[in-house]
Each structure stands twice: as structure tokens, then as C-alpha cells.
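Me: Please take a close look at one part of this model, the pairing of its strands, and describe in connected prose what is found there. A short account of one buried position afterwards would also be welcome.

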Amino acid sequence: MPSDADPDPLRVTGVSHSYGAARALSDVSLRVAPGTFTVLLGVNGAGKTTLFNLITRLFGTQTGEIEICGEDLNRAPSAALRRMGVVFQSRALDTSLTVAQNMIYQGSLQGIGRRETLKRAEAALSAMDLADRMGDKAGRLSGGQQRRVEIARALLHRPQLILCDEATVGLDVKSRTDIVADLHRMAAQDGLGVLWTTHLIDEVALEDPVYVLHKGEILAEGPAAEIAGDRTLSDAFLALTAAQAA
């Protein structure tokens, strides 16, 4: 478990980003504390994926700073990225390979030996009730099971931060609920920092730290219950985004 002296898994400070003349992010700041399931909530086109791509260094930072576990992403990208696991919105398993083979391939990319990879994979998949599917081809799994394998794979190198970009898109309600519950549990038990980007308000628990992103700006931040106040979170979100559009 992390100590109080440990740096935050993620700090984003004053980040702005433009595509030519189009501003996608404007002075965005947020933090993910150890052991928290932190939600970046916004409609499609709000800027969530742009921020995700900056944190994963698919895009270079134009303005502002990003730190992962105290490592500056621009100054020490390799050290920063080693502390992070990523689940992209697009599916990334090789469905022609078994679950174990997918894990072994990922382990080799992280410099982890085959035996250690399989040991870690079995432990991660056991926590998600999927250890008995190691020998199955990934293509035989349901969409929700594939997503949970991807999460386990992203945790093989034992990062302190995991980023999930719209990771439940296209899944049924039970699969979405199970995946969100799994990551809440991992955050609480293992001190993992989770940044969960979504447009689905029913994936947010009232105690979750939330950042409302709309048209590239953070409109509100704090526990979901605090943002909601005496309204539902959905009503509060609609009021915030309507006010910015006015």
C-alpha cells in the first residue's frame, strides 16, 4: 500500500492542447490520488481522449505539465510510462491467440520472463474469475471478459496508475457494472490509482472523485455527491454543461 509520502499516481497541471486553430483543451488540471477511482466525465467530444492521448504520450504536451508518480512525462518519459498501465477504447487483444499467449506477449514487451508473466497473469485473472480461461482463445470470450483480460494485462508490470478510456463502450449493463466494481476493489485494496474516462453517469459512485470536462474545460471537480448537491449527478451535469453553452 502507498504511504502518505508517496507522490500522486497522476498530476496534470495547466494542460492546453490545440489542433491547429481548434482548441481541444484549455488549462486542464487534475490529480489521481493513490487508492482512488477518479472519473473524468464528459460527453463525446469533450476532450477526454485528447487528454488521455497526452497522458499516454501519443501526443506531445504543448502547454502544461504531466507527472506520473512524480516523474515528469516530458523530462523522463520512460520512467513515467513504466509506472502506468493503459486500456484503450479500441479492443487490443489478439483474438487468434490464447489468453495466456496474449499475456506472455505483453510480458515480453515489459521485460518480464515467461514464468513470472504466467504467475502474475494467473493471480490477476483469478481476481476477476477468469483464471480458468487462460488456455482459451481470446476470441472465444465475451466482450466483457475480453475487457477484463485487457485490464489484467495492463497490470502485469504492477503499475501504480491505470488509465481506462471509455473501457466499457459496447458492453451490457452487467459487464459494465462488474468491471467498474473490479477496479474500485483494486484501487481500495492495492492502492492503485485509476483514471476512468466515461460519458456514462451510471458508472460513477457518489464517493468517486470526479472531474467534469466539457468543450475542453474542467467545469467542476470534487466527490460526485458534492457536485450533485441536492440533485442527481445527471441533473447537475446537464445544468453545468448547459450553463457553459449559454
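Reply: Two strands are said to pair when DSSP finds at least two bridges between them. Strands (E, at least two residues) and helices (H or I, at least four) are DSSP runs, numbered from the N terminus. The model is a predicted one, in which local features need pLDDT of at least 70 and side-chain atom pairs count only at pLDDT 80 or more, while totals for chains, interfaces and linings use all residues. Residues are numbered from 1 along each chain as its sequence is written, and side-chain values rest on heavy atoms, with hydrogens and water left out.

One group of strands makes an open sheet of four members, arranged β2-β1-β4-β5 with antiparallel pairing. At its edges lie β2 (22–32) and β5 (71–72), each of which pairs on one side only. Helix α1, which spans residues 48–55, packs on this sheet and touches β1, β2 and β4 (63–68); a contact here requires heavy atoms within 4.5 Å. The direction of α1 makes about 115° with that of β1, where axes are lines fitted to C-alpha atoms, for helices over the stretch in contact, and angles between N-to-C directions run from 0 to 180 degrees. Within the sheet, β1 (residues 10–19) is joined to β2 by seven bridges, and the two strands run antiparallel. One pairing can be located by residue: His17 has Leu25 in β2 as its bridge partner.

Strand β3, residues 37–41, has parallel partners. Strand β8 (residues 193–198) runs parallel to β3 and is joined to it by five bridges. In that pairing, Thr38 of β3 stands opposite Leu195 in β8. Strand β9 (residues 209–214) also runs parallel to β3, with three bridges between them. Here the residue pair to look for is Leu41 of β3, which stands opposite Val212 in β9.

How is β3 placed with respect to the rest of the structure? Five of its five residues are buried, so the strand is largely enclosed by the rest of the structure. The term buried means under 20% relative accessible area, exposed means over 50%, and partly exposed lies in between (1.4 Å probe, protein chains only). In a regular strand, the side chains alternate between the two faces of the sheet. In β3, Phe37, Val39 and Leu41 point one way, whereas Thr38 and Leu40 point the other way, and all of them are buried. Thr38 and Leu41, the residues that face Leu195 and Val212, therefore belong to a strand in which five of five residues are buried.

The buried position chosen for the closing account is Ala228. Ala228 lies in helix α7, which covers residues 224–228. With a relative accessible area of 4%, Ala228 counts as buried. When residues up to four places away in sequence are set aside, Ala228 touches Leu233 and Ala236. Tyr211 is 17 residues from Ala228 in sequence, and the C-alpha atoms of the two are 12 Å apart in space.

In summary, the model holds an open antiparallel sheet of four strands with helix α1 packed on it, and a buried strand β3 that runs parallel to β8 and to β9.
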